[in-house]
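Please open the model in your viewer and keep the sequence panel beside it. The tour below moves from one selection to the next and says what is to be found at each stop.

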Amino acid sequence: MGYLMHDHLQCWSIFAAALIIRLTLNAFYFQDYTQSDGVDYHNIAVNIAQGHGYSKDTSEPHRPFFFREPAYPLFLAGVYALVDFAGFTPAYLLAAEYDLTAHPEIYWARIAQCVLGAFTCLILYLTLRLVLQPRVAFVIALLFTAYLPLAVYTTMLMRETLQTFAVVCTNYFFAKFLLARRMINLVLFALTWALSNMTLQVTVLIGILSLVFLLYRTRSLRSSFAYTALATALMFVAISPWLMRSYAFYPDVRIVQSLGMSITPQAAQYSGYLGKLHERGVLPADSVTTLWRKWYALSEWEKFDWSFSGRFDSLRAELPEVSFNLRNDIAHGLDYFRRGWIESLWFADVQGGGSRMNLRPHSKYLRAGEYVLFGLSLAGFIFGYLAIPGVFLYARRLWPILLTFTYFVPLSVFIANETRRMLPIHGYIFMFSYLACWEIYQRFTRRKIVAIIDGATMGEAGQNAEVASHSPTTSSAQK
């Protein structure tokens with residue numbers, strides 16, 4: 001009984017700390033500003049709540065919209081429906097409108113995101129408990145509740161809070177299934193994977209990696225393939241309403257390539273090639289922006305039709321050629337990797353009363369000669385880079401909880417041009433940085449190396465945390 005009370009106290013402590021920090025941030029940041037993406041999300045949610053369907057139009061005829069994944073607007077719509085029921089009618093947000101105090105529905109959406117962010121920290125703690133000693137998992141999760149780059153996103157109408165929650169849950173349920181193979185965990189893995197895909201479709205291929213993890217764990221190709229196929233089927237069943245809506249709008253089975261979104265692989269390749277032309281100095285920024293705007297301005301039907309009729313491929317063929325340069329490609333990939341999951345750790349700069357946020361402020365401070373702020377930001381910079389030795393020291397022993405981490409790290413060289421896309425795995429990077437600090441501390445002080453990995457992880461699966469909490473801590477030599 002005492003153990004259960006202590007365990008519940010730790011859970012409530014992490015949830016409460018995360019919630020208080022996020023509510024405090026909501027009182028100060030982004031009171032009079034929202035990004036253009038946030039305007040779209042908000043207006044779609046207003047239309048859903050008012051019965052106009054999934055559309056970003058602020059007037060009739062409310063044309064169907066497929067460019068943005070539906071999970072986050074549906075989350076907002078749920079909040080707005082409750083606010084509407086309470087007597088506050090949600091209103092559209094115009095692109096030039098920044099007085100968010102006139103929109104009580106946005107205030108409550110931000111509160112709901114604070115709760116969701118707190119649950120994310122709690123699920124991360126439960127994930128760490130699967131492989132780490134409970135007190136170590138508690139310290140890491142408690143410190144992570146104050147991780148500003150993620151916490152501050154609860155103050156914005158942006159999907160990162162929901163996407164991080166979905167990815168952390170996906171990782172947790174997969175790890176639980178990997179260790180104990182209870183079917184309820186596989187079902188929950190499939191459902192949260194579907195939620196992640198419907199928030200940002202970059203996680204659609206995670207099933208391939210899950211097959212590798214299962215094969216390594218079970219040593220059975222047949223059972224691993226069966227589990228993966230079942231989870232994939234359940235995921236597609238969960239997203240089938242959206243797929244049917246997309247197919248009804250544009251009846252072509254190839255919509256499955258993008259899970260029913262109008263930002264198809266063909267369109268994404270065209271857009272990415274425009275970005276590469278700018279990076280290589282072939283096209284100036286204003287020319288690339290003009291071409292991007294033409295793409296965005298296409299109707300939803302045209303976006304699908306241009307993709308599947310080969311129009312985007314033809315447009316790309318008409319653009320100047322970029323010769324293959326392995327050195328430049330590697331340099332850009334490493335730059336995305338560096339920015340997306342290492343250098344934004346722990347320190348965030350919010351400017352103009354919350355009008356802009358920079359996840360990598362150290363470079364800005366250095367260029368501006370603000371050396372005091374640059375020095376302060378180096379703490380997060382150095383802490384982030386400690387994740388690299390942490391990975392080499394601990395990844396092999398912590399592998400059951402590293403599905404999404406392993407998936408996102410190589411993906412960073414493609415998607416981390418916007419650093420916020422990597423936020424869903426920063427909790428695990430934070431974990432590796434902390435473990436590296438602990439290792440350095442023990443070696444520097446020449447103390448007895450105390451094991452922090454749960455010895456029962458690969459033994460009695462599913463009960464490892466409880467066993468560890470009742471067992472004396474063992475040394476690495478004993479292990």
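## First stop: Thr127

Select Thr127, which counts as buried because its relative accessibility is 0%. The model is a predicted one, and this residue is found in helix H4, which spans residues 104-129. Leaving aside neighbours within four places in sequence, show what surrounds Thr127: the residues in contact with it are Val168, Asn171, Tyr172, Ile401 and Tyr428. A distance label can be added from the C-alpha atom of Thr127 to that of Pro400, where the separation is 9.7 Å although the two residues are 273 residues apart along the chain.

## The whole chain

Zoom out before going further. The protein has 21 helices and two strands, and of its 479 residues 50% count as buried. If the contacts between residues at least 6 apart in sequence are drawn, 74% of them join residues at least 24 apart.

## H4 against H7

Now colour H4 and H7, whose axes come within 9 Å and cross at roughly 25°. That angle is under 35 degrees, so H4 is roughly parallel to H7. The crossing of these two helices is left-handed. To see the contact, select Gln113, Leu116, Gly117, Phe119, Thr120, Ile123, Leu124, Leu126 and Thr127 on the H4 side, together with Thr161, Leu162, Thr164, Phe165, Val168, Cys169, Asn171 and Tyr172 on the H7 side. Coloured by class, the contact of H4 with H7 shows ten nonpolar and seven polar residues, with no charged ones.

## H7 against H9

Keep H7 (residues 160-180) in view and add helix H9 (residues 206-218); their axes come within 10 Å and cross at roughly 25°. H7 is therefore roughly parallel to H9, and the crossing of H7 and H9 is right-handed. The residues to select for this contact are Phe174, Phe177, Leu178 and Leu179 from H7, and Ser210, Phe213, Leu214 and Arg217 from H9. In the contact of H7 with H9, six residues are nonpolar, one is polar and one is charged.

## Two arginines in loops

Move next to Arg181, whose place is in the loop between H7 and helix H8 (183-197). Phi of Arg181 is near 50°, a positive value in a residue other than glycine, and with a relative accessible area of 38% Arg181 is partly exposed.

Then select Arg219, which lies in the loop between H9 and helix H10 (221-249). Arg219 also has a positive phi, of about 60°, although it is not a glycine. Is Arg219 buried or exposed? At 60% relative accessibility, Arg219 counts as exposed.

## Towards the N terminus

Select Ala16 in helix H1, which runs over residues 2-26. Ala16 is partly exposed, its relative accessible area being 31%. A label between the C-alpha atoms of Ala16 and Thr145 should read 9.3 Å, while along the chain these residues are 129 residues apart.

Continue to Asp40 in helix H2 (residues 36-49). At a relative accessibility of 16%, Asp40 counts as buried. Which residues are in contact with Asp40, leaving aside its neighbours within four places in sequence? They are Lys56 and Arg68.

From there, follow the chain to Pro61, which is found in the loop between H2 and helix H3 (71-85). Turn the view to the peptide bond that joins Glu60 and Pro61, since this bond is cis, with omega at about 15°.

## Last stop: H11

Finish at helix H11 (residues 265-279), where 15 residues reach 21 Å from the first C-alpha to the last, close to the 21 Å expected at 1.5 Å a residue. The selection to make within H11 is its set of buried residues: Gln266, Ala267, Tyr270, Ser271, Tyr273, Leu274, Gly275 and Leu277. With these side chains displayed, add helix H12 (285-296), helix H13 (300-308) and helix H14 (311-318), against which the buried residues of H11 pack. Just after H11, pause at Gly281, which takes a positive phi of about 80°.

Notes:
Residues are numbered from 1 along each chain as its sequence is written. This is a predicted model: local features need pLDDT of at least 70, side-chain atom pairs count only at pLDDT 80 or more; totals for chains, interfaces and linings use all residues. Side-chain values use heavy atoms; hydrogens and water are left out. Axes are lines fitted to C-alpha atoms, for helices over the stretch in contact, and angles run from 0 to 180 degrees between N-to-C directions. Helices (H or I, at least four residues) and strands (E, at least two) are DSSP runs, numbered from the N terminus. Angles under 35 degrees count as roughly parallel, over 145 as roughly antiparallel, 65 to 115 as roughly perpendicular and the rest as oblique. A crossing is left-handed if the near helix is turned anticlockwise from the far one by less than a right angle, and right-handed if clockwise. Contact means heavy atoms within 4.5 Å. Ala, Val, Leu, Ile, Met, Phe, Trp, Tyr, Cys and Pro count as nonpolar, Asp, Glu, Lys and Arg as charged, and the others, Gly among them, as polar. Buried means under 20% relative accessible area, exposed over 50%, partly exposed in between (1.4 Å probe, protein chains only). The expected span of a helix is 1.5 Å times one less than its number of residues.
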